[in-house]
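Visitor: I'd like to learn how to read a fold like this one, feature by feature. Could you walk me through it?

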Amino acid sequence: MRREGLIFWKIKKRTSSDSKVLTCAAVWRMPEDSEPGGHESPDDSASTAHTLELLCHLDNTAHGSTACVTWEPTGDGKRVISLADNHILLWDLQESSRQAVLASSASLEGKGQLKFTSGRWSPHHNCTQVATANDTAVRGWDTRSMSQTYCIENAHGQLVRDLDFNPNKQYYLASCGDDCKVKFWDTRHVAEPVKTLEEHSHWVWNVRYNHSHDQLVLTGSSDSRVILSNMVSISSEPFGHLVDDDDLSDQEERRPEEKSQEPPQDSVIATYEEHEDSVYAAEWSSADPWLFASLSYDGRLVINRVPRALKYHILL
């Protein structure tokens with residue numbers, strides 16, 4: 001995960017006391033020439049090996065293995081949330097990010113060995129809200145007090161794998177899990193999901209809202225498929241979004257009768273089947289809202305675009 005030239009890197013290390021293998025996290029700085037806006041040409045970057053600079057470790061070995069690390073969405077990039085076993089930890093990166101200070105923490109309480117599986121920091125509410133997943137439950141936390149604000153018990157029938165906040169509509173949260181479902185929640189009313197998708201045939205590992213057009217939702221699954229859905233009914237653009245005529249080719253020029261159309265309905269836009277193994281990650285480009293990438297267990301990275309015809313069909 002990257003933020004303003006800094007990246008997180010999860011590593012495994014063996015503790016000397018009991019020979020257990022723990023997943024830990026560290027903060028690294030990327031070379032300036034490799035950051036966006038750098039002056040190095042593509043030819044130079046291809047022939048030069050860049051070295052990452054280790055800034056600090058998130059020393060949480062006392063709390064267990066790290067399941068997830070996430071930056072504060074806005075601000076100066078100095079606050080970080082990490083999830084380690086049943087602990088949620090708020091870190092403050094001090095002295096030009098060369099030291100990580102544990103500012104506050106909280107723990108899951110209950111029967112059994114409770115462990116976090118995923119977490120997401122909300123970009124809304126002045127970045128005071130974090131959502132976490134453990135087992136089949138989804139919980140909300142207030143970072144000011146590190147207290148629980150809501151709990152969706154049995155959000156999924158099996159393990160919850162991933163979460164994502166709608167970037168344009170506060171209170172709206174997406175979740176996915178091993179029950180092959182993707183669910184959309186209004187965190188003010190958590191008794192029932194607002195919408196449920198059942199398009200995958202195996203575990204859903206990843207769900208991501210488009211950064212600009214929140215009706216576009218991307219999911220990746222162990223069924224080796226990536227599905228792009230149009231959740232327009234619960235988006236911030238329920239009747240589409242206008243596109244400049246200059247962006248259209250002659251063949252795509254809109255006719256007067258085509259400009260007036262019925263509001264689009266929730267649907268699957270496209271299914272991508274280039275992978276031959278479980279898709280563990282899918283992410284939207286931070287620079288191009290129509291570009292996304294997916295990564296599968298066999299190491300295959302696939303980059304796709306929202307189809308041109310379908311893109312204009314959705315947004316016009």
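Visitor: Let's start with pairing. Which residue is the bridge partner of N134 in strand 11?

Guide: Before we go in, keep in mind that this is a predicted model. The general idea is that strands of a sheet pair through backbone hydrogen bonds, either parallel or antiparallel. Here, N134 has A137 as its bridge partner in strand 11. Another pair to look at is V130, whose partner in strand 11 is W141. Strand 10 and strand 11 (residues 137-142) run antiparallel and are joined by six bridges.

Visitor: How many residues lie between the strands in the hairpin of strand 10 and strand 11?

Guide: There are two, and D135 in this hairpin takes a positive phi near 55 degrees. As background, most residues other than glycine have a negative phi, and most peptide bonds are trans. Strand 11 also forms a hairpin with strand 12, with four residues between them, and M146 in that turn has a positive phi of about 55 degrees.

Visitor: Where else should I look for a positive phi on a residue that is not a glycine?

Guide: Try H125, with a phi of about 55 degrees. H125 sits in the loop between strand 9 and strand 10, and at 27% relative accessibility it counts as partly exposed. Then go to Y171, where phi is positive at about 80 degrees. Y171 belongs to the loop between strand 13 and strand 14 (172-177). With a relative accessible area of 26%, Y171 is partly exposed too.

Visitor: Back to the sheet, then. In what order do the strands of the open sheet with strand 9 come?

Guide: The order is 9-10-11-12, four strands with antiparallel pairing. Strand 9 and strand 12 (147-152) are the edge strands, each pairing on one side only. On average, neighbouring strands of this sheet are turned by 20 degrees against each other, ignoring direction. Going across the sheet, four bridges link strand 9 (residues 118-121) to strand 10 (residues 129-134) in the antiparallel sense, and R120 stands opposite A131 in strand 10. On the other side, five bridges hold the antiparallel pair of strand 11 and strand 12, with R139 partnered by C151 in strand 12.

Visitor: Are the residues of strand 11 buried or exposed?

Guide: Six of the six are buried, so strand 11 is largely enclosed by the rest of the structure. You can check that face by face: A137, R139 and W141 are buried on one side, and V138, G140 and D142 are buried on the other. Now try the edge strand 9: S118 and R120 on one side and G119 and W121 on the other are all buried, which leaves both faces covered.

Visitor: What about the open sheet that contains strand 13? In what order do its strands come?

Guide: That sheet has four strands in the order 13-14-15-16, again with antiparallel pairing. Strand 13 (160-165) and strand 16 (195-197) stand at the edges with a single partner strand each, so one side of each has no neighbour in the sheet. The twist averages 20 degrees from one strand to the next. Strand 15 (residues 182-186) and strand 16 are antiparallel, with three bridges between them, and F184 stands opposite K195 in strand 16.

Visitor: How many cavities of 30 Å³ or more does a search of the whole structure find?

Guide: First the idea: rolling a probe the size of a water molecule over the atoms shows where empty space is left. In this model the search finds one cavity of that size. About 50 Å³ of space lies in the largest cavity. Among the residues lining it are C180, K181, V182, L197, H200 and I227. The whole lining divides into five nonpolar, three polar and three charged residues.

Visitor: One last residue. Which residues does V306 touch, not counting those up to four places away in sequence?

Guide: V306 touches L216, L228, Y272, W284, W290, F292 and K311. V306 is in the loop between strand 23 (301-305) and helix 3 (308-315), yet at 4% relative accessibility it counts as buried. Its C-alpha atom is 8.8 Å from that of P289, 17 residues away along the chain.

Visitor: And how many helices and strands are in the chain?

Guide: Three helices and 23 strands. Of the 316 residues, 46% count as buried.

Conventions. Residues are numbered from 1 along each chain as its sequence is written. This is a predicted model: local features need pLDDT of at least 70, side-chain atom pairs count only at pLDDT 80 or more; totals for chains, interfaces and linings use all residues. Side-chain values use heavy atoms; hydrogens and water are left out. Buried means under 20% relative accessible area, exposed over 50%, partly exposed in between (1.4 Å probe, protein chains only). Two strands pair if DSSP finds at least two bridges between them. On a 1 Å grid over the protein atoms alone, a cavity is a set of points where a 1.4 Å probe fits but cannot get out, and a pocket is an open set with protein on both sides within 12 Å along at least five of seven lines; lining residues have an atom within 4 Å of a point. Grid points are joined across faces, edges and corners, and a volume is the space filled by probe spheres set on the points. Ala, Val, Leu, Ile, Met, Phe, Trp, Tyr, Cys and Pro count as nonpolar, Asp, Glu, Lys and Arg as charged, and the others, Gly among them, as polar. Axes are lines fitted to C-alpha atoms, for helices over the stretch in contact, and angles run from 0 to 180 degrees between N-to-C directions. Contact means heavy atoms within 4.5 Å.
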